[in-house]
Amino acid sequence: MATEETNLGDFLEQNAPTGEFAPCAHYDRDADALTLYVGNEPEHGRRLNSRVTIYISDETGELVGCRIKGVRAVLEDVGSFDIAISLGKVKLKILFAALHGPFSTDPDSREVYRRLGKALHDSDIELEVPSLSG
């Protein structure tokens, strides 16, 4: 087993990502959660409420991402308005506008929401939207 771990470590070291970091997002259908990274630094999580966890840089204290649970209903609602969903994708700017509710519970959460909005302002990140039927 130690050999496998060493080989994996070697592989990761030899195949480290190159180039400049770009914000990225992933929707996990099984967990019904959206994970967004707007920075690429060692981080730790801080739970804002039962649906939102933010990721804060260990080095700078800046927001580097978040995880939001229970986004399926939001995706369904956005799709009902037939806006921003094309070819199975939705722009994160639109999705985050629809996600205002989980962030509006207290001033700290609202500030995080604004910071995420600024981080996404110049981004055209699209989230692959899974089939919402069934």
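Let me begin with the surface: the accessible surface of the protein chain comes to about 8500 Å², and 51% of that area belongs to carbon and sulfur atoms. I should say at once that what we are looking at is a predicted model, so please hear every value today as a computed one.

The chain has 134 residues, of which 31% count as buried. Its secondary structure is made up of five helices and eight strands, and, if you follow the chain from the N terminus, the elements come in the order α-β-β-β-β-β-α-β-β-α-α-α-β. As for how the chain meets itself, if we take the contacts between residues at least 6 apart in sequence, 53% of them join residues at least 24 apart.

I would like to spend most of my time on helix α5, which covers residues 107–120. This helix has 14 residues and reaches 20 Å from its first C-alpha to its last, which is close to the 20 Å expected at 1.5 Å a residue. Which residues of α5 are buried? They are S109, V112, Y113, L116 and L120, and, seen down the axis of α5, these buried residues fall within an arc of 100°, so they line one face of the helix. On the other side of α5 we find P107, D108 and K118, which are exposed. What, then, does the buried set pack against? The partners are the strands β2, β4 (52–57) and β5 (63–69), together with the helices α3 (92–98) and α4 (100–103).

L116 lets us look at that packing through a single residue. With a relative accessibility of 0%, L116 counts as buried, because the cut-off for that word is under 20%. Not counting residues up to four places away in sequence, L116 touches L36, L63, C66, F96 and F103. Of these, C66 is worth a pause, since L116 and C66 are 50 residues apart along the chain, while their C-alpha atoms are separated by 8.7 Å.

That brings me to the cysteines. C66 counts as buried, at 0% relative accessibility, whereas C24 is partly exposed, with a relative accessible area of 37%. A disulfide is a covalent bond between the sulfur atoms of two cysteines, and how many does this structure hold? The number is zero.

Let me move from α5 to one of the helices it packs against, α3, where I94 has its place. Is I94 buried or partly exposed? With a relative accessible area of 32%, I94 is partly exposed. I94 and E126 lie 32 residues apart in sequence, and from C-alpha to C-alpha they are 9.6 Å apart in space.

My last stop is a loop residue, D32, which sits between β1 (24–28) and β2 (33–37). Most residues other than glycine have a negative phi. The phi of D32, however, is near 50°, a positive value in a residue that is not glycine. Leaving aside its neighbours within four places in sequence, D32 is in contact with Y27, I68, K69, G70, V71 and R72. With V71 we can be more specific, as a polar atom of the D32 side chain lies 3.4 Å from the backbone nitrogen of V71.

To close, I would suggest keeping two places in mind as you turn the model: the face of α5 lined by its buried residues, and D32 in its loop between β1 and β2.

Note on methods. Residues are numbered from 1 along each chain as its sequence is written. This is a predicted model: local features need pLDDT of at least 70, side-chain atom pairs count only at pLDDT 80 or more; totals for chains, interfaces and linings use all residues. Side-chain values use heavy atoms; hydrogens and water are left out. Helices (H or I, at least four residues) and strands (E, at least two) are DSSP runs, numbered from the N terminus. Buried means under 20% relative accessible area, exposed over 50%, partly exposed in between (1.4 Å probe, protein chains only). Contact means heavy atoms within 4.5 Å. A polar contact is a pair of N or O atoms within 3.5 Å; within protein, one must be able to donate a hydrogen and the other to accept it, and residues adjacent in sequence count only if both atoms are side-chain atoms. Accessible areas come from the Shrake-Rupley method with a 1.4 Å probe; for residues, only the protein chains shown count as cover. A disulfide is a pair of cysteine sulfur atoms within 2.5 Å. The expected span of a helix is 1.5 Å times one less than its number of residues. The arc is that of the directions from the helix axis to the C-beta atoms.
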